[in-house]
Amino acid sequence: MSVVETKPERLDGWNRPPVILPDGEGELLEVAMGPHHPSTHGVFRMDLALDGERVVRLKPVFGYLHRNHEKIAEQASYLASMPYTDRLDYICSLTNNWAYALAVEKLAAQEVPERAQYIRVILGELTRIQNHASSIGFLLQEMGASGTPLMYAFKEREKILDLFESLTGSRMMCNYMRFGGCRVDVSAAWLDAARKVVAGLPQFVDEFETLLSSNEILMARCQGVGVLKPELAVNAGVTGPMLRASGVDYDIRKVDRYGIYDRFKFRVPLGDHGDVYDRYMVRILEIRESIKIVEQALKEIPTGPIMDAKAKIRGFRPKPGEAYGRIEAPKGELGFYLISDGGPNPYRYRVRPPSLINLTVLEDMCLGSNVADVVLIFGSVDIVLGEVDR
Amino acid sequence: MEEIKAAIEAAVPGAGVEFVPNPGSAAEHSLRLVPASAIAVATFLRDDADLALDFLSNVSGVDWPDKEIAEKVKVTRTVTKTVDGIEQQVEETVDETRKRVEPGCLEAVYHLYSVAKKHGPLVIRMRTGNRSDRVDLPSLTPVWRAAEFQEREVFDLYGIIFTGHPDLRRLLMWEGFKDHPMRKDYVEPDDYEYEPTPHDQVLARALEHKSRD
């Protein structure tokens, strides 16, 4: 990859004088978009400078939902942080659990039994499906397709959340994975119910695509908007569907082959242009690939224990050392960096939030586009503020 | 890891890279860079054809507070003692506990991967001189844009000043906030957003009532 040396002009400080346009035609209009704006997915602010409808500057402002998750986790035991990871990216709590469990298992050299690995893959991919479906729904909502596409997505998401609820007891705050396995075993009835839901998914995606993919308005609004160059994407640490929409073949499921991802056949969809439409399309295709993975996993799931017999729940103290565990979460690379000093709680607990780091390029994507497109570009990044602000 | 270290030292003379072993089972060892040559080393790591570490995944701050270490030292000293009724100068060895303060530091840890070659991670780290007045490190944002928000966060929560960062402001805490909350010795103020409530009056009355008994 080549060097990215150009960077748009940055702002520093808050109390800057109003910008006067060079030809003396007037001032730039400064707009604070958010923190209470329907398209910001929570409390997030973008300070825009506009020249007419055109965005000249965009400065994201974070921290409205900051509760110092890392500090809290450093004061609690390893296991006590597990339910708290649910609250990071609250749309996909199961993948958060998985990433944290993976990092701790790496730190403490724990093995995960076969069956638990399969359960993790099934739940992780179901999480990805429901995340992508609802993120597309939200994107369409922001485009002005009020309600209908979102409800189509939510109808399907609801079925998956019902599965989560019947297994873990909670629709969104699942708190399901443990270091060295999973909390409760799946029953045969649950697997049958999951098979039924998964069997219905391809039809949903077809329907969704018929509704959207060649929709004239969607194409006109999304194609060529918010283009992200692959060189910049890699350099700025962008991960997940956003990176792949820019045409960079990097999927941690394929690269690290964590868990048992080397056993499944699936492809990594890539975009050509890196615009909003490609991000939409990559998510649709990823849903299709995830369905394939879940089908394979549901077919092959073995019987056996779901917890490592040597796993220690109480008095868990990993040896001193450090580990960085990462997974391909629906939003990108979710990593946990842990340093143990041999005590019952982590000395250092760091979350690598994909949502925050994907926003690094928000300004670069938005410069020169219309205000109305900022909403779309921001929606196509797919963030959750619980994870951005932590 | 040794090869990478050798390659760095061949490419950047006087890089002063130090190998830091990781005793844990993950065995992700790391390299400690000297702040003066960090930018040159980072640029080499990114642009070298074999390493091609073009993707900076994670930047984290770590706080290592000053440590007070108690050591037992054997001290020989001359004492005046009365032996056999005569006052004599005698050499005597005593155990003494001495306290030594090991200065702490702030550390920035970077996890690098290669998207082009699909390998990694390489962990590099840098340490500040101390925790109070020598807290600046060179920013790696010019090399990897991915560090932009993450270094801002480390500055915000740990107080490491990244020189050369294009826009070093607080990220999560508000402007005007004074301390760095992720430091180990941070004390939470107990009057955060304190507002008197009717409940306070009830408590005061309860206290008064109690004192009457």
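Start by selecting B:Ser139, which sits in the loop between strand 8 (136-138) and helix 3 of chain B. (Helices, H or I of at least four residues, and strands, E of at least two, are DSSP runs numbered from the N terminus.) Before going on, note that this is a predicted model, in which local features need pLDDT of at least 70 and side-chain atom pairs count only at pLDDT 80 or more, while totals for chains, interfaces and linings use all residues. Residues are numbered from 1 along each chain as its sequence is written, and chains are lettered from A and ligands numbered from 1 in the order in which they are written.

**Stop 1: around B:Ser139**

Is B:Ser139 buried or exposed? B:Ser139 is buried, with 23 other C-beta atoms within 10 Å. (Buried is 20 or more other C-beta atoms within 10 Å of the residue's own, exposed is 12 or fewer, and partly exposed lies in between, with C-beta atoms placed from the backbone.) Now show what B:Ser139 touches: B:Ala147, B:Glu151, B:Phe162, B:Thr163, B:Gly164 and B:His165, leaving out residues up to four places away in sequence. (A contact puts the two C-beta atoms, placed from the backbone, within 7 Å.) Add B:Pro166 too: B:Ser139 and B:Pro166 are 27 residues apart in sequence, but 9.0 Å apart in space, C-alpha to C-alpha.

**Stop 2: chain B, then its side facing chain A**

Zoom out and color chain B by domain: domain 1 is 2-64 + 105-163 and domain 2 is 68-100. (These bounds come from an automatic or database domain assignment.) Taken over C-alpha atoms, the centres of domain 1 and domain 2 of chain B are 48 Å apart.

Next, bring in chain A. How many residues of chain B are in contact with chain A? There are 33 of them, and they meet 41 residues of chain A. Strand 3 (55-64) and helix 3 (147-158) of chain B are the elements that give two or more residues to this side of chain B. Strand 3 of chain B gives the most, with six residues. Color this side of chain B by class and you get 18 nonpolar, eight polar and seven charged residues. (Ala, Val, Leu, Ile, Met, Phe, Trp, Tyr, Cys and Pro count as nonpolar, Asp, Glu, Lys and Arg as charged, and the others, Gly among them, as polar.)

**Stop 3: two loops in chain A**

Select A:Asn68, in the loop between strand 3 (54-61) and helix 1 (69-74) of chain A. A:Asn68 is not a glycine, yet its phi is positive, about 50°. A:Asn68 is partly exposed, with 17 other C-beta atoms within 10 Å.

Then hop to A:Ala109, in the loop between helix 3 and helix 4 of chain A. Here again is a residue other than glycine with a positive phi, near 50°. A:Ala109 is partly exposed, with 15 other C-beta atoms within 10 Å.

**Stop 4: helices 3 and 4 of chain A**

Keep the view there and select helix 3 (residues 93-108) and helix 4 (residues 114-143) of chain A, which pack at about 135° with their axes 8 Å apart. (Axes are lines fitted to C-alpha atoms, for helices over the stretch in contact, and angles run from 0 to 180 degrees between N-to-C directions.) That angle makes helix 3 of chain A oblique to helix 4 of chain A. (Under 35 degrees is roughly parallel, over 145 roughly antiparallel, 65 to 115 roughly perpendicular, and the rest oblique.) For sticks, pick A:Leu94, A:Thr95 and A:Trp98 from helix 3 of chain A, and A:Arg120, A:Leu123, A:Gly124 and A:Thr127 from helix 4 of chain A, which make the contact. By class, that contact has three nonpolar, three polar and one charged.

**Stop 5: A:Leu161**

Select A:Leu161 in helix 5 (residues 148-168) of chain A. A:Leu161 touches A:Gln130 and A:Arg171, not counting residues up to four places away in sequence.

**Stop 6: helix 14 of chain A**

Finish with helix 14 (residues 371-381) of chain A, where eight of the eleven residues are buried. A:Asp382 follows helix 14 of chain A and has a positive phi, near 65°. Now add helix 11 (residues 276-300) of chain A: its axis comes within 10 Å of that of helix 14 of chain A, and the two cross at roughly 30°. Helix 11 and helix 14 of chain A are therefore roughly parallel to each other. A:Val276, A:Arg279 and A:Tyr280 in helix 11 of chain A meet A:Leu376, A:Ile377 and A:Ser380 in helix 14 of chain A.
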